[in-house]
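Trainee: Please pick one residue and walk me outward from its surroundings. I want the contacts, the charges and the rings along the way.

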Amino acid sequence: MDVLIQLAVGESLDLVFEGRTQVTLAECLEMVSGKTASLFACACRLGALYGGADRVVCAQWAEAGHDLGMAFQLVDDLLGIWGDPAVTGKPVFNDLKNRKMSVPVVAALTSETPAGDELARLYSQPGGDTANLARLVEEAGGRAWTSDRAAQHATAAHGRLHRLTAVPSALEDLEALCTVVIRREH
């Protein structure tokens with residue numbers, strides 16, 4: 001039941017952010033935690049439960065899943081701006097066109113940089129050059145911050161998986177999953 005509440009909160013925040021011009025990074029990360037990471041955590045917890053793990057080990061698997069879900073969504077936010085439309089199936093700069101308050105955008109808007117200030121000015125106006133908005137997000141550090149944070153979560157998931165998995169072949173598969181989440185292009 002907790003995962004349903006977390007998911008509802010995350011999805012609700014995503015909708016609420018559509019009408020706001022200011023969102024904090026903490027709020028944005030809470031949204032990501034609820035709408036994506038909670039699902040990954042639940043899947044890992046259920047897998048551990050199905051495998052016969054006790055309550056403590058199930059919780060540890062859920063933590064690994066949460067980190068993996070955070071990394072997944074952060075990369076997804078990057079792809080929403082800089083992904084190749086031929087690969088992602090989404091129009092280029094679609095999140096910027098829709099003025100989505102994704103993690104890279106919020107990181108840039110809260111960067112207290114000249115590029116972040118210019119982005120804030122332009123983001124409050126409809127239309128405009130979305131390629132310029134993407135450039136400002138990058139100049140303000142939003143792309144780098146999000147990429148670094150995704151890598152931190154993937155590394156944390158990787159470390160948790162090492163502590164939880166004693167079967168070498170299973171560990172290799174789980175390590176590959178961490179790599180795919182960070183390096184994916186769609």
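**Outward from T146**

Mentor: T146 lies in helix α9, residues 142-164. Helices here are DSSP runs of H or I with at least four residues, numbered from the N terminus. This is a predicted model: local features need pLDDT of at least 70, side-chain atom pairs count only at pLDDT 80 or more, and totals for chains, interfaces and linings use all residues. Numbering runs from 1 along each chain as its sequence is written, and side-chain values use heavy atoms, without hydrogens or water.

Is T146 buried or exposed? T146 is buried, at 0% relative accessibility. Buried means under 20% relative accessible area, exposed over 50%, partly exposed in between (1.4 Å probe, protein chains only). Set aside the neighbours within four places in sequence, and T146 is in contact with L74, L78, V103 and P104. Contact means heavy atoms within 4.5 Å.

Now the helix around T146. α9 has 23 residues, and its end C-alpha atoms lie 33 Å apart. That agrees with the expected 33 Å, which is 1.5 Å times one less than the number of residues. T146 has buried company in α9: G142, A150, H153, A154, A157 and L161. The cover over the buried residues of α9 includes α3, α6 (103-109), α8 and α10.

Follow α3 next. This helix spans residues 55-82 and holds D76. D76 makes a salt bridge with K90, at 4.0 Å from N to O. The rule asks for a side-chain nitrogen of Lys or Arg within 4 Å of a carboxyl oxygen of Asp or Glu. K90 sits in the loop between α4 (85-88) and α5 (94-97), so the D76–K90 pair links distant parts of the chain, 14 residues apart. K90 is partly exposed, with a relative accessible area of 36%. D76 also forms a salt bridge with R184, at 3.5 Å from N to O. R184 belongs to the segment after α10 (168-183), and this pair spans 108 residues. R184 is buried, with a relative accessible area of 13%.

R184 has a ring partner as well. It lies over the face of F72, at 3.7 Å from the ring centre. The rule wants NZ of Lys or CZ of Arg within 6 Å of the ring centre and within 35 degrees of the ring normal. Elsewhere, the charged end of R99 sits over the ring of Y123, 5.3 Å from its centre.

F72 leads to the aromatic count. How many aromatic pairs does a search of the whole structure find? The search finds 1. F40 and F72 form the pair, with ring centres 5.3 Å apart and planes at 40 degrees, so it is tilted. Ring centres of Phe, Tyr or Trp (six-membered ring) must lie within 6.5 Å; planes under 30 degrees apart are stacked, over 60 edge-to-face, the rest tilted. F40 is in α2 and F72 in α3, so the pair ties together parts 32 residues apart in sequence. F40 is partly exposed, at 23% relative accessible area. F72 is partly exposed too, at 26%.

α2 (25-50) brings in another helix: the buried residues of α1 pack against α2. α1 covers residues 2-17. Its 16 residues reach 22 Å from first C-alpha to last, close to the 22 Å expected. Buried in α1 are G10, L13, D14 and F17. Why one side? They cover an arc of only 100 degrees around the axis, which puts them on the same side of α1. L4 and L15 are exposed on the other side.

Back to α8, part of the cover over α9. E139 and R135 form a salt bridge there, with the closest N and O atoms 2.4 Å apart. The two are 4 residues apart in α8 (residues 130-139), so about one helical turn separates them. E139 is partly exposed at 49% relative accessibility, and R135 is partly exposed at 39%. Shared partners join D14, K35 and K100 into one salt-bridge network. The total count comes to 10 salt bridges.

Last, two backbone points. Most residues other than glycine have a negative phi. F93 has a positive phi of about 60 degrees although it is not a glycine. F93 is in the loop between α4 and α5, and it is buried at 17% relative accessible area. E112 also has a positive phi, about 55 degrees, and is not a glycine. E112 lies in the loop between α6 and α7 (114-123). At 75% relative accessibility, E112 is exposed.

Methods
Arc of directions from axis to C-beta.
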